[in-house]
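Colleague: I'm new to this one. Could you show it to me and explain the labels as we go?

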Amino acid sequence: MTQELEHALTSLICRADMTLVSSVDPEGFPITKAMLPPREREGVRVFWFSTNTSSQKVQAFRQNPKASLYFVDRAAFCGASFTGTMEVLENPAAKERLWQQGDTLFYPKGVTDPDYCVLRFTAIRGRYYSDLHSQDFSL
């Protein structure tokens, strides 16, 4: 991946106000949900999210870790999809890593709430669209 492409992807990810996250249901069909932007990321390869352990997407990722993320900037008419795997993390270190003040609104029992977990997505490839041009990339 060129530095120019990595910069464009980073800029897009930072501008996106939501992330579309797709999982695969038990019958092999894709299910897409809108989520808040990643709480943390490692470059353009690893993305960290917090969510409810009881959610449908967590159950789907436990059965099948294949996943995709999509970031879009509607005003600039550009977007990027990432294909990879999603891990469901419930260990204290991962949960504490992403915990933020105010999370008790969603997880009233705090960082140890059993309905609080972390999703870590690791991309293996993707596709970037901008200026009427698409570009595949590997990570």
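Colleague: Why is S55 called buried?

Modeller: S55 has 12% relative accessibility, and buried means under 20% (exposed is over 50%, partly exposed in between, with a 1.4 Å probe and protein chains only), so S55 counts as buried. Keep in mind that this is a predicted model, where local features need pLDDT of at least 70 and side-chain atom pairs count only at pLDDT 80 or more, while totals for chains, interfaces and linings use all residues. Residues are numbered from 1 along each chain as its sequence is written, and side-chain values use heavy atoms, leaving out hydrogens and water.

Colleague: Where does S55 lie?

Modeller: In the loop between strand 4 (46-52) and helix 2 (56-63).

Colleague: What makes the pair F47 and F71 tilted?

Modeller: Rings of Phe, Tyr and Trp (its six-membered ring) pair if their centres lie within 6.5 Å; planes under 30 degrees apart are stacked, over 60 edge-to-face, the rest tilted. A search of the whole structure finds 10 such aromatic pairs. For F47 and F71, the centres are 5.5 Å apart and the planes at 35°, so this pair is tilted. F47 sits in strand 4 and F71 in strand 5 (residues 66-73), so the pair ties together parts 24 residues apart in sequence.

Colleague: And why is the pair F71 and F82 edge-to-face?

Modeller: Their ring centres are 5.8 Å apart and their planes at 85°, so edge-to-face it is. F82 belongs to strand 6 (residues 78-89).

Colleague: How do you know whether F82 is buried or exposed?

Modeller: F82 has 0% relative accessibility, so F82 counts as buried.

Technical notes:
Helices (H or I, at least four residues) and strands (E, at least two) are DSSP runs, numbered from the N terminus.
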